[in-house]
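Here is a quick walk through one protein model, written for someone who would rather look at the fold than read tables. Have a look at the sequence and the structure first.

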Amino acid sequence: MIKFAGANGGPQGFGLSGGFLEGLIDVALFAHPDDLSVDKRGNIYVADTNNARIRMITPAGQVPTIVAAVESLGIEVDRQRDILYISDSPRHQIWAVDLPV
């Protein structure tokens, strides 16, 4: 179990039992999350490596997929320009994805 401070400052957490399921944070499943980055709105981006996806955890606890079909080991948010950078290791590429505003 990983715990982090929620929007109200209290603890929230989610399991890392493996698999893929979107929805609220208490039921969402990840498979080998490798990296995290946070934007200026408090959204947490997760490199969900074994699912080949970049997932977002919103301050409200929703977990949608932002980018699919990417095998990332590293992500970083440029907070000033609202861009998510993704290292796609097997393809030897860096992706730049405009974040929703």
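What follows goes from the overall make-up to one sheet, then to a surface patch and two loop residues.

## The big picture

Keep in mind that this is a predicted model. The secondary structure is easy to sum up: eleven strands and zero helices. Reading along the sequence, you just get β-β-β-β-β-β-β-β-β-β-β.

How much of the protein is buried? Of its 101 residues, 37% count as buried. The accessible surface adds up to about 5600 Å², and carbon and sulfur atoms account for 54% of that. As for contacts, take those between residues at least 6 apart in sequence: 29% of them join residues at least 24 apart.

## A four-stranded sheet

Four of the strands make an open sheet in the order E4-E5-E6-E8, and the pairing is antiparallel. Which strands sit at the edges? They are E4 (33–38) and E8 (65–68), each of which pairs on one side only. Going from one strand to the next, the twist averages 20 degrees.

As a general reminder, strands of a sheet pair through backbone hydrogen bonds, in either a parallel or an antiparallel way. Zoom in on E4 and E5 (residues 44–48), and you find an antiparallel pair with five bridges. One bridge to pick out on screen is the one from Val38 to Ile44, its partner in E5.

## A greasy spot on the surface

Leu21, Leu24 and Val27 together make a nonpolar surface patch of about 240 Å². Leu24 belongs to strand E3, which covers residues 23–24.

Why can Leu24 count towards a surface patch? A patch residue needs over 30% relative accessible area, and Leu24 has 43%, so it clears that cut-off while being classed as partly exposed.

## Two alanines with positive phi

Most residues other than glycine have a negative phi. Two alanines here go the other way. Ala52 has a phi near 55 degrees, a positive value in a non-glycine residue. You'll find Ala52 in the loop between E5 and E6 (53–57).

The other one is Ala69, where phi is near 65 degrees, again positive in a residue other than glycine. Ala69 lies in the loop that runs between E8 and E9 (72–78). Is Ala69 buried, partly exposed or exposed? Its relative accessible area is 47%, and because the partly exposed class runs between 20% and 50%, Ala69 counts as partly exposed.

Methods: Residues numbered from 1 in each chain as written. Predicted model: local features only at pLDDT ≥ 70, side-chain atom pairs only at ≥ 80, totals over all residues. Heavy atoms only, no water. Pairing = 2+ DSSP bridges. Axes fitted to C-alpha atoms, helices over the stretch in contact; angles between N-to-C directions. Patch = residues over 30% accessible without salt bridge, like charges linked within 9 Å, V, L, I, M, F, W, Y side chains within 5 Å. Areas by Shrake-Rupley, 256 points an atom, 1.4 Å probe, with all protein chains shown as cover. Salt bridge = Lys/Arg side-chain N within 4 Å of Asp/Glu carboxyl O. Buried < 20%, exposed > 50% of the residue type's maximum accessible area, 1.4 Å probe, protein only. Contact = heavy atoms within 4.5 Å.
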